[in-house]
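Work through the exercises below with the model open. Each task is followed by a solution in steps.

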Amino acid sequence: MKVAGEPNVKQCRKCKRDLPIAAFARDKNRRDGLQVHCRECVAEYSAAHYRRRREAVGKAVREKVDVLAGHKPCRTCGEVKPHSEWHRNATASDGLSTRCKTCRAERGRQDRLKRHYGLTEADRDELIASQGGVCCICLSAPAAHVDHCHKTGRVRGVLCFSCNAALGQFKDRPDAIRRAAAYVEGNAWKPTLVAPGVYQLPS
């Protein structure tokens, strides 16, 4: 209720303090257009309710962290970073994502591995280790790119950038790759034109 003679003051029903109108959030359903509890009491109730809900399902409780203006803690890595290290999110209360740019990029890589190849990062690392840490075609460059059959989706191995790109250029055609190997070894196959656009290779 408003205190007589003080139109800019209202009493909080919970803490019973007489506070400025600015200390109360708007509520269009109330006669005076303000919530009955002050912002501080609402925040305390929300924090307690959040804690009980998290504890009830066995999840860790994220403690509120005091940070400098223009900074925010990341929910994933826990680091406090400046706002420039965050992507925008218009639907969030502070206009920023819940994860920093670094953690979002890492999560994106993990999601892509799972979505495209059905692998976790641990699965990929195990595959690389089974290859001795190197590309399984050139056997020299570090393995970095997961290779799979575009027809069956089966993962074949982990290649270096160059070998992975080369397979793509050859469109995964074993016959073309074999002819390329013969060509490099000096045994070029000379095709014979037998019809427009049709070539016959020597047996």
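**Exercise 1: A cysteine in a loop**

Cys160 is buried, at a relative accessible area of 6%. The model is a predicted one.

Task: Place Cys160 among the secondary structure elements, justify its burial class, and find how far it is from His148.

Solution.
- Step 1. Cys160 sits in the loop that runs between β7 and α4.
- Step 2. Buried means under 20% relative accessible area. Cys160 has 6%, so it is buried.
- Step 3. His148 and Cys160 are twelve residues apart in sequence. Their C-alpha atoms are 13 Å apart in space.

**Exercise 2: The second largest pocket**

Task: Give the volume of the second largest pocket, then describe its lining by residue, element and class.

Solution.
- Step 1. The volume of the second largest pocket is about 340 Å³.
- Step 2. Its lining has 16 residues. Closest to the centre are Arg112, Tyr117, His145, Val146 and Asn164.
- Step 3. Three elements, α2 (101–117), β6 (145–148) and α4 (161–169), give two or more residues each to this lining.
- Step 4. By class, the lining residues of this pocket split into six charged, five polar and five nonpolar.

**Exercise 3: The helix α2**

Task: Compare the span of α2 with the expected one, and determine how its buried residues are arranged around the axis.

Solution.
- Step 1. α2 has 17 residues. From first C-alpha to last, α2 reaches 24 Å. This is close to the 24 Å expected at 1.5 Å a residue.
- Step 2. Cys103, Leu113 and Tyr117 are buried in α2.
- Step 3. Looking down the axis of α2, the buried residues fall within an arc of 110 degrees, so they line one face of the helix.
- Step 4. Recall the general rule: an α-helix has 3.6 residues a turn, so residues three or four places apart point the same way.

**Exercise 4: Two hairpins**

Task: For β6 with β7, and then for β8 with β9, state the pairing sense, the number of bridges and the turn glycine.

Solution.
- Step 1. β6 pairs with β7 (residues 155–159) in the antiparallel sense, over four bridges. His145 has Leu159 of β7 as its bridge partner.
- Step 2. Six residues lie between β6 and β7 in this hairpin. Gly153, in the turn, has a positive phi of about 85 degrees.
- Step 3. β8 also pairs in the antiparallel sense with its partner β9 (residues 198–200), over three bridges. Ala195 is bridged to Val198 in β9.
- Step 4. The hairpin of β8 and β9 has two residues between the strands. Gly197 in the turn has a positive phi of about 80 degrees.

**Exercise 5: Positive phi outside glycine**

Task: Give the phi, the loop and the burial class of Lys16, then do likewise for Leu139.

Solution.
- Step 1. Start from the background: most residues other than glycine have a negative phi.
- Step 2. Lys16 has a positive phi, near 65 degrees. Lys16 belongs to the loop between β2 (6–11) and β3 (18–20).
- Step 3. Exposed means over 50% relative accessible area. Lys16 has 53%, so it is exposed.
- Step 4. Leu139 has a positive phi near 60 degrees. Leu139 is in the loop between α3 (121–130) and β6.
- Step 5. Leu139 has 60% relative accessibility, so it counts as exposed.

**Exercise 6: Sequence separation and space**

Task: Which burial class does Phe24 have, and which does Thr192 have? Add one C-alpha distance for each.

Solution.
- Step 1. Phe24 is in the loop between β3 and α1 (39–56). Its relative accessibility is 2%, so it counts as buried.
- Step 2. Phe24 and Glu40 are 16 residues apart in sequence, and their C-alpha atoms are 8.6 Å apart.
- Step 3. Thr192 is in strand β8 (residues 192–195). At 46% relative accessibility, Thr192 counts as partly exposed.
- Step 4. Thr192 and Arg75 are 117 residues apart along the chain, with 65 Å between their C-alpha atoms.

Technical notes. Residues numbered from 1 in each chain as written. Predicted model: local features only at pLDDT ≥ 70, side-chain atom pairs only at ≥ 80, totals over all residues. Heavy atoms only, no water. 1 Å grid on protein atoms, 1.4 Å probe; cavity = no way out; pocket = protein on both sides within 12 Å on 5 of 7 lines; lining within 4 Å. Points joined across faces, edges and corners; volume = space filled by probe spheres on them. Nonpolar A, V, L, I, M, F, W, Y, C, P; charged D, E, K, R; others polar. Pairing = 2+ DSSP bridges. Expected span 1.5 Å × (residues − 1). Buried < 20%, exposed > 50% of the residue type's maximum accessible area, 1.4 Å probe, protein only. Arc of directions from axis to C-beta.
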